[in-house]
Amino acid sequence: RVMYNYQAKYLLSASARYEGSSKFGINNKWGLFPSISAGWRITEEAFARNSAWLSNLKIRAGYGVTGNQDIPNYQSLSRVGTTNRLFYYNGQWINSYAPSSNPNPNLKWEKKGEFDVGVDFGVLNDRISGTFDFYSRKISDLLWNYTVPVPPNVYPTTYANVGIMDNKEIELSLTAGL
């Protein structure tokens, strides 16, 4: 993690995490999650510092990636479970076992990349203040259990990374006080 702050005007932050999880396939246990952000406090500049009406103005932007591992354990492995089929053996009924999942050695992190551009402002000694943000999110490698043919698979569903979702949002917040 690196953070830079020059004269409370110019702000920069960057980080990168490399995380592992046993929940994913043998080919994708690890994920890299970087982030970077920058800000500029315009009201700390000489030309804006003595403004009679503008008390705060900051422009900021950032991008970051996060990972989702909120899935049940062992989804990347071939598992065996009991069935509703019993068989009679040596005077008693015994549960039978069958495959309960298909292996997926390529199961990997679901990743969300998010870009944000925003403005924080305050006027009249912060009697009126607010924020304006534009977000753009893209979730890739969505995790889902989907239907597959049997054969060649041994079980009719496989847990896999199957999709992408985009979301864009504008957010405005205003606060007013005496």
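Which residue forms a salt bridge with Arg137, and how far apart are the closest N and O atoms? The partner is Glu169, and the closest N and O atoms are 3.1 Å apart. The pair links distant parts of the chain. Arg137 sits in strand E8 (residues 128–147), Glu169 in strand E9 (residues 157–176), 32 residues apart. Glu169 counts as partly exposed, at 27% relative accessibility. The model described here is predicted.

## Salt bridges

The whole structure holds nine salt bridges. Three of them are set out below.

| Pair | N to O distance |
|---|---|
| Arg60 and Asp116 | 3.4 Å |
| Glu114 and Lys112 | 3.6 Å |
| Arg137 and Glu169 | 3.1 Å |

Take Arg60 and Asp116, whose side chains meet in a salt bridge. Arg60 lies in strand E4 and Asp116 in strand E7, so this pair ties together parts that are 56 residues apart in sequence. Are the two partners buried or exposed? Arg60 is buried, because its relative accessible area is 18% and buried means under 20%. Asp116 is buried too, with a relative accessible area of 16%.

The contact between Arg60 and Asp116 belongs to a network. Arg60, Asp116, Asp120 and Asp133 are linked in this network of salt bridges.

Glu114 and Lys112 form another salt bridge through their side chains. Here the burial is mixed. Glu114 is buried, at 18% relative accessible area. Lys112 counts as partly exposed, at 29% relative accessibility.

## The largest pocket

How big is the largest pocket? Its volume is about 200 Å³. The lining has 14 residues, and those closest to the pocket centre are Ser37, Ala38, Gly39, Lys58 and Arg60. Arg60 thus has two roles in this description: it is among the residues closest to the pocket centre, and it is part of the salt-bridge network.

Four strands each give at least two residues to the lining: E1 (2–6), E2 (10–20), E3 (30–41) and E4 (54–68). Which strand gives the largest share? That is E4, with four residues. By class, the lining has six nonpolar, five polar and three charged residues.

## A nonpolar surface patch

A nonpolar patch of about 1,100 Å² lies on the surface. Its members are Tyr4, Tyr6, Tyr10, Leu12, Ile36, Trp40, Phe47, Ile59, Tyr63, Phe115 and Val117. Strands E1, E2, E3, E4 and E7 (110–123) each give two or more residues to the patch.

Tyr10 is one of the patch residues. Tyr10 is found in strand E2. Its relative accessible area is 33%, which makes Tyr10 partly exposed. Tyr10 can join the patch on this count because patch residues need over 30% relative accessible area.

Strand E2 also holds Arg17. Arg17 counts as partly exposed, at 40% relative accessibility. The C-alpha atoms of Arg17 and Val65 are 9.6 Å apart, while the two residues are 48 positions apart along the chain.

## Backbone exceptions

Most residues other than glycine have a negative phi, and most peptide bonds are trans. Where does this chain depart from that pattern?

Two peptide bonds that follow each other are cis. The bond from Val150 to Pro151 is cis, with omega near -20 degrees. The bond from Pro151 to Pro152 is cis as well, with omega near 15 degrees. Pro151 lies in the loop between E8 and E9, and Pro152 is found in that loop too.

The loop between E7 and E8 holds Leu124 and Asp126. Is phi of Leu124 positive or negative? It is positive, near 55 degrees, and Leu124 is not a glycine. Asp126 also has a positive phi, of about 65 degrees, without being a glycine. Leu124 is partly exposed, with a relative accessible area of 43%. Asp126 is partly exposed as well, at 42%.

Note on methods. Residues numbered from 1 in each chain as written. Predicted model: local features only at pLDDT ≥ 70, side-chain atom pairs only at ≥ 80, totals over all residues. Heavy atoms only, no water. 1 Å grid on protein atoms, 1.4 Å probe; cavity = no way out; pocket = protein on both sides within 12 Å on 5 of 7 lines; lining within 4 Å. Points joined across faces, edges and corners; volume = space filled by probe spheres on them. Nonpolar A, V, L, I, M, F, W, Y, C, P; charged D, E, K, R; others polar. Patch = residues over 30% accessible without salt bridge, like charges linked within 9 Å, V, L, I, M, F, W, Y side chains within 5 Å. Areas by Shrake-Rupley, 256 points an atom, 1.4 Å probe, with all protein chains shown as cover. Salt bridge = Lys/Arg side-chain N within 4 Å of Asp/Glu carboxyl O. Buried < 20%, exposed > 50% of the residue type's maximum accessible area, 1.4 Å probe, protein only.
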